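Me: Please take a close look at one part of this model. I would like the second helix, and then how the rest of the chain sits around it.

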Amino acid sequence: ASAAGQLRDSPFRFSKVTPFKSPLVWLTLGFAVLDGPSMPIIATGDKSSNANDTYVEQLVSSAEAAVDYVCNGLGICDSTRVAVGGHSYGAF
């Protein structure tokens, strides 16, 4: 029993490539991938509203700003070859 153990992680793990879900697939297809950007949703401070009242507008504005910065500011992508995706609230 003293020699028994359980391995929870391994340095020999490989990236899992799930078609059309993995950023690696999109990269190989020539798309720019902005993985894990911060796009905070902020409440207006008005007690009669909450952050979800302007959620979509804020999310769209943040995504447009990120794409504009990467494509036009850094010049490292073609704005006609950008896909925007997300999960949970980001999947709107």
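Reply: Start with Leu59. This is a predicted model, and Leu59 sits in its helix α2. The relative accessibility of Leu59 is 17%, so Leu59 counts as buried, the cut-off being under 20%. Leu59 also has a partner from earlier in the chain. Its C-alpha atom is 7.2 Å from that of Ile41, although the two positions lie 18 residues apart along the chain.

Next comes Gln58. This residue is in α2 as well. At 18% relative accessibility, Gln58 falls under the 20% limit and is therefore buried. Its side chain makes a polar contact of 2.6 Å with the side chain of Thr54. Leaving aside residues up to four places away in sequence, Gln58 touches Pro40, Ile41, Ile42 and Ala51. Ile41 thus appears twice: as a contact of Gln58, and as the residue whose C-alpha atom is 7.2 Å from that of Leu59.

Now the helix as a whole. Helix α2 covers residues 55-73, which is 19 residues. At 1.5 Å a residue, α2 should span 27 Å. The C-alpha atoms at its ends are 25 Å apart, which agrees with that expectation. The buried residues of α2 are Tyr55, Gln58, Leu59, Ala63, Ala66, Val70 and Cys71. Their spacing is worth reading against helix geometry. An α-helix has 3.6 residues a turn, so residues three or four places apart point the same way. Among the buried residues of α2 are Tyr55 and Leu59, and also Ala63 and Ala66. After the helix comes Gly75, with a positive phi near 65°.

What surrounds α2 in the chain? There are 2 helices and 0 strands. The other helix is α1, at 23-28, and a loop lies between α1 and α2.

Take the segment before α1. Ser22 lies there. Its relative accessibility is 7%, so Ser22 counts as buried. The C-alpha atoms of Ser22 and Val33 are 10.0 Å apart, with 11 residues separating them along the chain.

Val33 belongs to the loop between the helices. At 34% relative accessibility, Val33 is partly exposed, because that value lies between the 20% and 50% cut-offs. Val33 also takes part in a nonpolar surface patch with Leu24 and Leu27. Together the three have about 230 Å² of accessible area.

The segment after α2 returns to earlier residues. Arg81 is in this segment. Its relative accessible area is 34%, so Arg81 is partly exposed. Not counting residues up to four places away in sequence, Arg81 touches Leu29, Gly30, Phe31 and Ala32. For Phe31, the C-alpha separation from Arg81 is 5.7 Å, across 50 residues of chain.

Finally, the overall numbers. The chain has 92 residues, and buried residues make up 11% of them. Of the contacts between residues at least 6 apart in sequence, 35% join residues at least 24 apart. The accessible surface comes to about 7,700 Å². Carbon and sulfur atoms account for 57% of that surface.

Note on methods: Residues are numbered from 1 along each chain as its sequence is written. This is a predicted model: local features need pLDDT of at least 70, side-chain atom pairs count only at pLDDT 80 or more; totals for chains, interfaces and linings use all residues. Side-chain values use heavy atoms; hydrogens and water are left out. Helices (H or I, at least four residues) and strands (E, at least two) are DSSP runs, numbered from the N terminus. The expected span of a helix is 1.5 Å times one less than its number of residues. Buried means under 20% relative accessible area, exposed over 50%, partly exposed in between (1.4 Å probe, protein chains only). Patches are made of residues with over 30% relative accessible area and no salt bridge: like charges are joined within 9 Å, nonpolar side chains (Val, Leu, Ile, Met, Phe, Trp, Tyr) within 5 Å. Accessible areas come from the Shrake-Rupley method with a 1.4 Å probe; for residues, only the protein chains shown count as cover. A salt bridge is a side-chain nitrogen of Lys or Arg within 4 Å of a carboxyl oxygen of Asp or Glu. A polar contact is a pair of N or O atoms within 3.5 Å; within protein, one must be able to donate a hydrogen and the other to accept it, and residues adjacent in sequence count only if both atoms are side-chain atoms. Contact means heavy atoms within 4.5 Å.
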